[in-house]
Amino acid sequence: MTQLQDIKNPKRPRKATGRDSWYPYYAGFSEEFVSSAIGCLAEENDTTILDPWNGSGTTTNQGNKLGYSTTGFDLNPVMVIAAKAKILAPSELSSIRPLAKDILSKARTGRQSRFPDTEPLETWFYTSSAQSFRQIERSLQKLLVDPNQHISLSNSASVNNLSSIACFFYVALFRTLRCLVSRFEASNPTWIKKPGLRSRLKTRQSSMLSVFLQEVNAMVDAANGEKPPFLHAPTAELLIGCSSALPVNNAVVDMVITSPPYCTRIDYAMATLPELTLLGYQLDTDFDVLRRSLIGSSTVSKEQIPVNEDWGINCNRFLEEVATHGSKASATYYYKNHIQYFDGIFKSVGELNRVIKPGGKCVIVVQDSYYKNIYNDLAQTFTEMFCAYDMPLIYRNDFISGVTMGGINQHHKKYGTTSKPIESILCFEK
């Protein structure tokens, strides 16, 4: 085992390559960071690795390639599908293009049928175009999911049961959808505009199929350009799951490598809204429930959450300063929103303490931020929260980050918070 100082900078490369380019994700860390953390901390070949905020699956993909058993959870089904696609065995890549042609053939000749409920894709497309896009998905499902019926992917069990090869094609559909709705993208990369009825897209199915095939080929080419070896783990589980209530037995995990949601009110559900409509999420029901369930959501629950002294001195000081700040809604909406965030994080830290073996390690990447002119030292807050569960900090390394979601806000400079954010690697031991 090498030294902890050998863990690489978590900064993402400007341009993703290989499988990381299949579904580029603005949140997360680099493959090199994960590989170096595993190299520093994995003492045995049977080391089990967990990421409770798995996102697009960098931890599980890298762990899987290196031959370790990995488990990843995320509440957003789009991210679970993206992560499952990444662990597709290299031996299956040769079957991708023939399968794509079969999907295209079925989509061209199949009879269009309406979505059983209100068609969510009509958020972006006129009815006929939405049906054409849905027909591609139905053709995919007939070939790789269920030949007899359309399976809604707006529930956990359906997503959890998808094969990696089916997930590969769903990611290709995500990419196709993104290409088509790109005109509705906003300056904030986590937000996409919903067009008015007359501004929706009228796209021919032939154009959709052409883009779909183009995206499939780009994904295959990217994967073929990766360097071996790919050892592939005996088990790799990618499931929908909540970090504050992990479906994992006590003391079974050797190592956690993860990046919790940052305290910057990023709307992680809205960031994947087009993909969720493809999966069948209805905006006023399924989508709203998912959005409210995510840690860091910009929504605020009606539940009254008490401040907990165990969150630590740093966290409680920050909350007090937010509550007494003179700006509009600081004492109401923003105060409640931050309490909601820290409550979810603290419960999640408790779950990590429960599932990690004695002597196990937890490596996390966090980033500091500001609320108005109030400094939010998230690394210190996490350190105090882990200490509350008797998991001391054994290593910390800070890096200047060039990317901050707060910089999107055009009014942030008036509070004098123009310094670049600090991204911290924190390693705790049970």
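Helices here are DSSP runs of H or I with at least four residues, strands are E runs of at least two, and both are numbered from the N terminus. What you have open is a predicted model, in which local features need pLDDT of at least 70, side-chain atom pairs count only at pLDDT 80 or more, and totals for chains, interfaces and linings use all residues. Residues are numbered from 1 along each chain as its sequence is written, and side-chain values use heavy atoms, with hydrogens and water left out.

**Stop 1: the whole chain**

Start with everything shown as a cartoon. You should find 13 helices and nine strands in the protein chain. The C-alpha trace spans about 65 × 55 × 35 Å along its principal axes. The radius of gyration (taken over C-alpha atoms) is 22 Å, and this agrees with the value near 22 Å for a compact globule of 430 residues; the globule rule is 2.2 Å times the number of residues to the power 0.38.

Now colour by accessibility. Of the 430 residues, 55% are buried, where buried means under 20% relative accessible area, exposed over 50%, and partly exposed in between (1.4 Å probe, protein chains only). Contact means heavy atoms within 4.5 Å; among contacts between residues at least 6 apart in sequence, 80% join residues at least 24 apart.

**Stop 2: helix H2**

Select residues 58-65. How many residues of helix H2 are buried? Eight of the eight, so H2 is largely enclosed by the rest of the structure. Show the side chains and you'll see Thr58, Thr59 and Thr60 among the buried residues, along with Asn61, Gln62, Gly63, Asn64 and Lys65.

What covers them? Bring up the surroundings: the cover includes H1, strand E1 (48-51), strand E2 (69-74), helix H3 (77-86), strand E3 (236-240) and strand E4 (253-258). Then step along to glycine 67, which follows H2 and has a positive phi near 95°.

**Stop 3: leucine 238**

One part of that cover deserves a click of its own. Leucine 238 is found in strand E3 and is buried, with a relative accessible area of 4%. Leaving aside neighbours within four places in sequence, leucine 238 is in contact with Asn54, Thr60, Gly72, Val80, Ala83, Lys84, Ile87 and Asn160. Add leucine 162 to the selection: the C-alpha atoms of leucine 238 and leucine 162 are separated by 10.0 Å, with their places 76 residues apart along the chain.

**Stop 4: two positive phi angles**

Keep going along the chain to alanine 251, in the loop between E3 and E4. Alanine 251 has a positive phi of about 50° although it is not a glycine, and at 35% relative accessibility it counts as partly exposed.

Next, jump to aspartate 390, in the loop between helix H13 (378-388) and E8. Aspartate 390 is also not a glycine, and its phi is positive, near 60°. Is aspartate 390 buried or exposed? At 64% relative accessibility, aspartate 390 counts as exposed.

**Stop 5: isoleucine 394**

Move on to strand E8 (residues 393-400) and pick isoleucine 394. Isoleucine 394 is partly exposed, with a relative accessible area of 35%. Not counting residues up to four places away in sequence, isoleucine 394 touches Leu4, Lys361, Cys427 and Glu429. Run a distance to phenylalanine 428 as well: it is 34 residues away in sequence, yet 5.6 Å away in space, C-alpha to C-alpha.

**Stop 6: the aromatic rings**

Finally, show the aromatic side chains. A search of the whole structure finds 14 aromatic pairs; rings of Phe, Tyr and Trp (its six-membered ring) pair if their centres lie within 6.5 Å, and planes under 30 degrees apart count as stacked, over 60 as edge-to-face and the rest as tilted.

Zoom in on tryptophan 22 and phenylalanine 168. Their ring centres are 5.1 Å apart and their planes are at 90°, so the pair is edge-to-face. Tryptophan 22 lies in the segment before helix H1 (31-41) and phenylalanine 168 in helix H7 (residues 164-180), so the pair ties together parts that are 146 residues apart in sequence. Both tryptophan 22 and phenylalanine 168 are buried.

For contrast, select phenylalanine 125 and phenylalanine 133: with centres 5.9 Å apart and planes at 25°, the pair is stacked. Phenylalanine 125 and phenylalanine 133 are both buried. For a last view, display Trp22, Phe168, Phe169 and Phe212 together, a cluster linked by ring pairs.
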